[in-house]
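Good morning, colleagues. I should like to take you through one model, beginning with its terms and then turning to its charged residues and its backbone.

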Amino acid sequence: MFDNDVPHSKELEKEVLGGLLNNPKAFPEVDSILTTEDFYSKENYYIYFGLTQVVSDYVESGQKINAAILHDKVSSVFSDKRGLDLLEYIRDLQFCTASTEDTIKAAVGLAKFTFKRDMLKKLRESIKLLSEEDSIDKITSDVYENVTSVEKMYGCSNQPINVTVNNSDRIKDRVNTPRDLGIPWPDQFSEVNKIMGDLVIGQISIIGARLKQGKTTMLTTIAEGVASRGTPVLFLDTEMESDLIADRRTAAISGIPCWEISTGYFEESSFQKFQDKADEIDKEKPFWHLHVPLADDNQLCSIIRRFKHAHCEKGQKFLVIYDYMHLTGEKTSSHNQGWQILTDKTTRLKAVCSEMGAACLAAVQLNRTGENKNRRSNQVAMDLATIAGSDGIAQKGDKVFWWGQKAEDKLHTDNIEGQGDFGTHMLIPLASRIQGKHAMGFSDNRTRISDDGSEISEPFYFNFSVINFQVTECGTLDTIIARSRNVRRQNDSNNEQNQERDGAVELE
């Protein structure tokens with residue numbers, strides 16, 4: 001513990017101790033900066049420990065600390081074979097002329113030496129990692145984690161904040177320089193953007209879906225739209241290779257079936273479609289894809305950090321998409337079960353995005369209660385309990401959505417009541433900590449009135465059409481209800497009762 005071949009400053013230690021002996025009122029501030037571990041010299045380590053035991057009797061009065069009382073407290077735990085006269089040493093410290101302000105500055109300086117010692121220790125550990133036989137990603141991840149763990153330790157404050165102070169000035173500054181909370185949804189998701197708000201920096205949003213429901217198509221469309229505005233996107237994919245994602249993207253833009261794109265067997269009409277959309281297909285956007293079928297949470301964090309440094313300007317926001325949240329090679333045990341690993345993985349992704357200035361959007365499977373194939377809509381569970389793998393995923397999510405195809409009865413009802421095409425899929429908000437300008441708040445259920453006058457209450461949702469890997473927003477449940485109400489007004493001159501019972505909002 002007390003080697004000399006490490007960064008330390010005995011003079012700063014003595015200045016802090018001497019300043020506290022003469023100015024005990026500085027102790028609360030110094031104590032928020034330092035611990036006994038910041039004092040590297042053995043005698044100073046134990047003197048600070050003893051000082052913490054007696055200083056409370058002197059803080060309020062501001063009187064100098066009694067050297068003899070401090071000596072008695074320290075001598076009971078400190079023994080020195082060098083023949084140091086401890087009482088004389090303490091009295092010498094009292095000759096320090098540092099003011100309260102100087103004592104606090106000295107404490108800040110001393111804390112930097114502790115940072116340097118901790119960093120040196122981690123760097124030495126990192127050098128040992130270079131002899132390991134792991135993959136490059138694993139070594140890079142472990143070295144980065146070693147180094148940044150010290151930065152995280154010293155880079156955050158553990159002091160509580162009085163949330164009633166300076167609020168007016170803070171809000172005035174924000175009004176003068178308004179800012180987005182994160183990354184807005186793509187332009188073609190205008191209704192989602194208005195109601196749900198940004199994908200928030202440092203938060204993870206979750207889209208849950210059953211198998212083969214188009215979740216990757218949805219995520220790819222979001223990535224394409226965000227990148228179209230110049231915001232970098234990193235798409236981490238546990239299932240699909242980059243070529244397949246590129247082929248699907250080309251199919252969505254051109255309208256050519258994906259099979260033709262993937263094989264090259266073009267129909268005659270496809271050649272012209274391809275030519276017409278060639279410029280858009282080749283338009284470069286900051287959209288990067290990486291197939292990561294076996295990357296654990298450490299490796300994912302390392303990839304995200306490297307992406308930030310390689311593809312983003314300083315201070316630039318970016319979007320991380322992870323498709324999808326499940327075990328990717330992590331080993332389970334009785335002490336580290338699957339649900340715990342997935343919770344930790346979600347936490348780590350959220351933390352690294354906060355560290356790097358990114359928003360995260362991740363997909364997750366729904367359990368069988370969310371299955372909608374060959375079921376009526378009232379037989380399908382559409383709530384947080386359907387999130388598979390771990391409750392921790394939903395708990396960590398800033399926004400959580402249910403995504404999937406509409407059941408046949410839902411598809412029929414929406415189109416008949418709305419007198420139009422309201423798409424094949426639905427996106428249901430299940431939870432959200434931060435919503436948008438037209439937020440629903442907690443009132444997210446709607447009352448629909450059918451042609452026979454019966455009332456049906458169901459959760460709000462967004463309508464989408466998914467055709468040939470192209471996702472198009474088709475209004476919301478409110479759109480359907482409002483149009484249905486307008487039809488009733490036209491067909492029934494005495495519709496006052498229905499209007500009063502209708503829970504929809506008017507279309508703008």
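Let me fix one term at the outset: buried means under 20% relative accessible area, exposed means over 50%, and partly exposed lies in between, with a 1.4 Å probe and protein chains only. The areas themselves come from the Shrake-Rupley method with a 1.4 Å probe, and for residues only the protein chains shown count as cover. This is a predicted model, in which local features need pLDDT of at least 70 and side-chain atom pairs count only at pLDDT 80 or more, while totals for chains, interfaces and linings use all residues. Residues are numbered from 1 along each chain as its sequence is written, and side-chain values use heavy atoms, with hydrogens and water left out.

I begin with salt bridges. A salt bridge here is a side-chain nitrogen of Lys or Arg within 4 Å of a carboxyl oxygen of Asp or Glu. By this rule the model holds 19 salt bridges. Helices (H or I, at least four residues) and strands (E, at least two) are DSSP runs, numbered from the N terminus.

Consider Glu371 and Arg210, whose side chains meet in a salt bridge with an N to O distance of 3.1 Å. Glu371 sits in the loop between strand E7 (358-365) and helix H18 (391-396), and Arg210 in the loop between strand E3 (204-209) and H11, so the pair ties together parts that are 161 residues apart in sequence. Are these two residues buried or exposed? Glu371 is buried, at 19% relative accessible area, and Arg210 is buried as well, at 13%.

Another pair is Lys10 and Glu43, joined by a salt bridge of 2.7 Å, N to O. Because Lys10 belongs to helix H1 (residues 10-22) and Glu43 to helix H3 (residues 42-54), this pair ties together parts that are 33 residues apart in sequence. Lys10 is partly exposed, with a relative accessible area of 32%, whereas Glu43 is buried, at 4%.

A third pair lies within one helix: Lys122 and Glu125 form a salt bridge, their closest N and O atoms being 3.6 Å apart. The two are three residues apart in helix H7 (residues 100-129), and are therefore separated by about one helical turn. Lys122 is partly exposed at 23%, and Glu125 is partly exposed at 30%. Beyond such pairs, a network of salt bridges links Lys406, Lys410, Asp414, Arg448 and Glu458.

What of a charged residue that has no salt bridge? Arg248, in helix H12 (residues 242-254), is buried yet lacks one; the nearest side chain of opposite charge, Asp323, is 7.2 Å away. For charge, Lys and Arg count as positive and Asp and Glu as negative, with His and the chain ends not counted. Contact means heavy atoms within 4.5 Å. Leaving aside neighbours within four places in sequence, Arg248 is in contact with Thr216, Thr217, Met240, Cys258 and Phe469.

Phe469 brings us to the backbone. This residue lies in the loop between strand E12 (462-467) and strand E13 (470-476), and its phi is near 65°, a positive value in a residue other than glycine. Phe469 is partly exposed, at 25% relative accessible area. Asn166 also has a positive phi of about 65° although it is not a glycine. Its place is the loop between helix H8 (136-155) and H9, and at 54% relative accessibility Asn166 counts as exposed.

Where is the cis peptide bond that joins Asp323 to its partner? The bond joins Asp323 and Tyr324, with omega about 10°. Tyr324 is found in the loop between strand E6 (318-323) and helix H17 (338-356). The C-alpha atoms of Lys215 and Tyr324 are separated by 9.2 Å, although their positions lie 109 residues apart along the chain. Put in terms of sequence, Lys215 and Tyr324 are 109 residues apart. Lys215 lies in helix H11 (residues 215-228) and is buried, at 7% relative accessibility. Apart from neighbours within four places in sequence, Lys215 is in contact with several residues, among them Asp323, Tyr324 and Trp403.

I close with the surface. Arg170, Arg174, Arg179 and Lys317 form a positive surface patch. Patches are made of residues with over 30% relative accessible area and no salt bridge, where like charges are joined within 9 Å and nonpolar side chains (Val, Leu, Ile, Met, Phe, Trp, Tyr) within 5 Å. The place of a charge is taken as NZ of Lys, CZ of Arg, CG of Asp or CD of Glu. Within this patch, Arg174 is in helix H9 (residues 167-176) and counts as partly exposed, at 36% relative accessibility.
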